[in-house]
Amino acid sequence: MKSIVSCPNDFIDSVLYVDFGDRIKAAIRTSVKCYAFADLSGVRFCEEGNLAEPFHFKDHIFFFPKETLMRTRDFTVTFRFRAENEVFQKSGDVIFRDFSFDPDALSSYEEEFAKMDRGLVCKKRETGVVAKGAEYAIEHYETRAGEPVVVHAFLYDSKTFTMLCGTPQGTFDYRGQKETVMDTVNFEVSRGRDILAAFNADFFDMFGDCAPSGLCVKDGVVVANPQSDRYFFGVKKDGEHIIDTLAGKPRLLQELDQVVCGLNLLLEDGKVCDVAVGELFGMRTHPRTVVGLTEDARVIILVIDGRRPWHSNGATLRECAMLLKEHGAVRGVNLDGGGSSTFIIKKEDGTREMLNHPADLHRPFDDLVRDVFNSILIVKK
């Protein structure tokens, strides 16, 4: 039986409405973690997200039909127990909260989009070669305000090199399995594979069974989520590298050899696409890992350090899209980031080194090497 909890005055941190043409995005932030759904004119709307990693239990995103919201104005959101905290004490606790939409509070897409660009300018670039056709760079950017942003870039020719989906000790079973990307690299090297570079990959359930959030395919075997409609980075059985989705094309699954999944399609035909405008996930400057494809069959993998203001301040999703474009990509996808972001290359002496500096949100001074489920491994064809 539901227990109705009175709504504290500070429960709602902020509400933002963004004009998306025929839809309005309502971004509601709460002070504690919870689930939510909304009711508008007798129609129920589920929140976007919070069903699979990345979980943002304080951020609740709804897309309402613009015509209906402008006409009706009033809607109700039900917030439900997610975990015990100072507001929700037990399972079944709910809060009903009425909202009244004010058209004057509606932000334009362009206005919120502009807030995601801090004017990054590259000040210094150090380069290195892993093998002919595979090179890396460490790039030092500054924002308009003089904040440092460090970008690690890896570029390879997909005609010569390919990617493998790495998993802990080569497993095909994700349940409870995770390890650092370097551990995965060392395991594959022990099996005789020459790993030239390695990176983290999919969002995964950090606090549950370690399940990847989207489609995962390893050596032609579907490891997880064959019904996922998220955008992924992968290699087909004919060797072609793609960024795609199974949505509307289920037969594509049979053509895939290696796949790791992402969330936001950042670039499409060279144009900035889904960068989570109006959402803290997209607007905050987090560490990021993103992948892009060029028209001439090259692959670009960027890992951007963050959460260490004296070293690097991370990037918004719009900045990630712009950085991919700057490196020649016409299509790009966002992978897991934050403390998971990892950038490893093989050095001239044959050893492998992690060049980036992962940092957790609440531990910016600690050298963090996070266990993850799957990874991207680059090898020669």
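Let me begin just after helix α5, where Gly328 takes a positive phi of about 100°. What we are looking at is a predicted model, so please hear every value that follows as one computed from predicted coordinates. The helix that comes before this glycine, α5, covers residues 317-326 and is mostly covered, since seven of its ten residues are buried. The buried ones are Leu317, Arg318, Glu319, Cys320, Ala321, Leu323 and Leu324, and you will notice that Arg318 and Glu319 appear in that list beside the leucines.

From the helix I would like to move to a sheet. Five strands make up an open sheet, and reading across it the order is β13-β27-β14-β25-β26, with antiparallel pairing. At its edges are β13, residues 161-166, and β26, residues 352-354, each of which pairs on one side only. If direction is ignored, neighbouring strands in this sheet are turned by 20° against each other on average. Between β13 and strand β27, which spans residues 375-380, there are six bridges, and the two strands run antiparallel. To give you one place to look, Gly166 has Ser375 in β27 as its bridge partner.

Staying with β27, let me pick out Val379, which lies in that strand. Is Val379 buried or exposed? Its relative accessible area is 9%, and with buried meaning under 20%, Val379 is therefore buried. Which residues is Val379 in contact with, once its neighbours within four places in sequence are left aside? They are Phe161, Thr162, Leu164, Asp194 and Ile195. A further pair worth finding on the screen is Val379 and Thr160, which are 219 residues apart in sequence, while their C-alpha atoms are 9.0 Å apart in space.

Now to the aromatic residues. A search of the whole structure finds 17 aromatic pairs, and I will take two of them in turn. In the pair of Phe64 and Phe75, the ring centres are 4.9 Å apart and the planes stand at 50°, so this pair is tilted. The pair links distant parts of the chain, with Phe64 in strand β6, residues 59-65, and Phe75 in strand β7, residues 74-81, the two being eleven residues apart. Both partners are covered: Phe64 counts as buried because its relative accessibility is 0%, and Phe75 is buried with a relative accessible area of 2%.

The second pair is Tyr109 with Phe113, where the centres lie 5.6 Å apart and the planes are at 20°, so the pair is stacked. These two residues are separated by about one helical turn, because they are four residues apart in helix α2, residues 109-114. Tyr109 counts as partly exposed at 23% relative accessibility, whereas Phe113, with a relative accessible area of 18%, is buried.

Phe64 and Phe75 also belong to one aromatic cluster, together with Phe45, Phe62 and Phe99. At Phe99 there is a charge to consider as well, for the charged end of Arg97 sits over the ring of Phe99, 4.9 Å from its centre. Elsewhere, Lys218 lies over the face of Phe172, at 5.9 Å from the ring centre.

Conventions. Residues are numbered from 1 along each chain as its sequence is written. This is a predicted model: local features need pLDDT of at least 70, side-chain atom pairs count only at pLDDT 80 or more; totals for chains, interfaces and linings use all residues. Side-chain values use heavy atoms; hydrogens and water are left out. Rings of Phe, Tyr and Trp (its six-membered ring) pair if their centres lie within 6.5 Å; planes under 30 degrees apart count as stacked, over 60 as edge-to-face and the rest as tilted. Buried means under 20% relative accessible area, exposed over 50%, partly exposed in between (1.4 Å probe, protein chains only). A charge sits over a ring if NZ of Lys or CZ of Arg is within 6 Å of the ring centre and within 35 degrees of the ring normal. Two strands pair if DSSP finds at least two bridges between them. Axes are lines fitted to C-alpha atoms, for helices over the stretch in contact, and angles run from 0 to 180 degrees between N-to-C directions. Contact means heavy atoms within 4.5 Å.
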